[in-house]
Amino acid sequence: MPYCKNCGKKVPLFKKCDCTAAEKNVNNSAKRLLVLIVFLIFFVLGLILGIHMAGSGTKGAVRSYVKAASSKKGGKTFYSLTLPDEAIKALKDKKKYDDKVDDYNDMIEDMIEDLEGKESAPKFDKIMREKKLTKSQLRKAEQYFERIAEKYGAENADIKAAKGKEVKFRTKHKDEDGDYKYEKVTVCVVKVKGEGWKIAPMSADSLG
């Protein structure tokens with residue numbers, strides 16, 4: 001037995017429903033409310049996604065960089081942020097990438113084991129300042145990553161930087177007595193086309 005499109009009641013075949021105008025209005029109102037709820041759900045999801053994506057930009061890259069620099073298993077993340085993809089590919093082709101990652105992890109593990117008393121490894125604290133890179137500085141960043149790629153055996157490396165910032169941030173760690181100490185660090189965070197965020201561990205003036 002079919003249902004009335006207006007009120008939802010079952011209706012005999014080939015018969016018209018005798019629902020009232022009020023019932024039709026209530027049903028239409030319910031439909032409009034449902035559409036509004038669905039819209040709000042998608043709006044909230046979009047907002048959450050937007051916040052997440054914002055966090056994965058320069059600040060997210062810096063956080064990952066600091067974490068990888070003090071993690072026993074941070075080698076792959078560290079090199080994915082500091083080496084262009086062509087350099088990583090060249091290392092993998094030569095069967096040297098895994099050894100490089102292992103050597104890095106071993107170095108960090110030794111560093112952590114050498115900590116004394118209440119001393120701790122550095123952690124990200126906060127961004128102090130961000131300054132947009134100029135077109136000239138972006139070109140120098142491209143050349144910087146191209147030199148790295150060529151150093152590891154990549155031929156005719158062609159790096160394109162979409163945008164970037166010089167970021168000054170602060171790390172914190174505990175000393176032997178458990179007191180917090182802070183260090184300021186300046187890096188350039190560059191979004192390389194087709195690769196994502198990369199970090200050049202230097203100031204913008206030092207890129208050239």
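This report describes the nonpolar core, one helix and the charged pairs of a predicted model.

**The nonpolar core**

The largest nonpolar core of the model has 43 residues, and within this core Tyr 65, Leu 83, Phe 169, Val 189 and Val 190 touch the most other members. At least two residues of this core are supplied by each of the helices α2 (58-68), α3 (75-82), α4 (85-93), α5 (97-113) and α6 (135-151), and likewise by each of the strands β2 (161-174), β3 (180-192) and β4 (196-200). Helix α6 gives the largest share, with six residues. As general background, nonpolar side chains tend to be buried together in soluble globular proteins.

Leu 83 illustrates how such a core member is surrounded: when residues up to four places away in sequence are not counted, Leu 83 touches Ile 88, Leu 91, Lys 100, Ile 148, Tyr 152 and Lys 198. One of these partners, Lys 198, is taken up again below, where its salt bridge with Asp 85 is described.

**Helix α5 and its two sides**

Helix α5 has 17 residues and reaches 25 Å from its first C-alpha to its last, which is close to the 24 Å expected at 1.5 Å a residue. Its buried residues include Tyr 97, Val 101, Tyr 104, Asn 105 and Ile 108. Because these residues cover an arc of only 95° around the axis, they lie on the same side of α5. Asp 103 and Glu 113, on the other side of the helix, are exposed. The elements that cover the buried residues of α5 include α2, α3 and α4.

**Two buried polar positions**

Thr 58 has its place in helix α2, and with a relative accessible area of 11% this residue is buried, because a value under 20% counts as buried. Apart from residues up to four places away in sequence, Thr 58 touches Glu 130, Lys 165, Val 189 and Trp 197. The C-alpha atoms of Thr 58 and Trp 197 are separated by 7.4 Å, although the two residues are 139 residues apart along the chain.

Glu 146, found in helix α6, is buried yet has no salt bridge, and the nearest side chain of opposite charge, that of Lys 160, is 6.0 Å away. That distance does not meet the rule for a salt bridge, because the rule asks for a nitrogen and a carboxyl oxygen within 4 Å. Leaving aside neighbours within four places in sequence, Glu 146 is in contact with Ala 157, Asp 158 and Ile 159.

**Salt bridges**

Side chains of opposite charge can pair when their charged atoms come close. In this model the count comes to nine salt bridges, and the table gives three of them.

| Pair | Closest N to O distance |
|---|---|
| Lys 198 and Asp 85 | 3.0 Å |
| Arg 170 and Asp 125 | 2.6 Å |
| Glu 130 and Lys 165 | 3.7 Å |

In the pair formed by Lys 198 and Asp 85, Lys 198 lies in strand β4 and Asp 85 in helix α4, so the salt bridge ties together parts that are 113 residues apart in sequence. Lys 198 is buried, with a relative accessible area of 2%, whereas Asp 85 counts as partly exposed at 33% relative accessibility.

The side chains of Arg 170 and Asp 125 also meet in a salt bridge, and this pair links distant parts of the chain, with Arg 170 in strand β2 and Asp 125 in strand β1 (residues 123-132), 45 residues apart. Asp 125 counts as partly exposed, at 22% relative accessibility.

The salt bridge of Glu 130 with Lys 165 runs between strand β1, where Glu 130 lies, and strand β2, where Lys 165 lies, so the pair ties together parts that are 35 residues apart in sequence. Glu 130 counts as partly exposed at 40% relative accessibility, and Lys 165 counts as partly exposed at 30%. Salt bridges that share partners also join Asp 85, Glu 195 and Lys 198 into one network. Both Glu 130 and Lys 165 are among the residues that Thr 58 touches.

Note on methods
Residues numbered from 1 in each chain as written. Predicted model: local features only at pLDDT ≥ 70, side-chain atom pairs only at ≥ 80, totals over all residues. Heavy atoms only, no water. Core = buried A, V, L, I, M, F, W, Y, C linked by side-chain atoms within 4.5 Å. Buried < 20%, exposed > 50% of the residue type's maximum accessible area, 1.4 Å probe, protein only. Helix = DSSP H or I, 4+ residues; strand = E, 2+ residues; numbered from the N terminus. Contact = heavy atoms within 4.5 Å. Expected span 1.5 Å × (residues − 1). Arc of directions from axis to C-beta. Lys, Arg positive; Asp, Glu negative; His and termini not counted.
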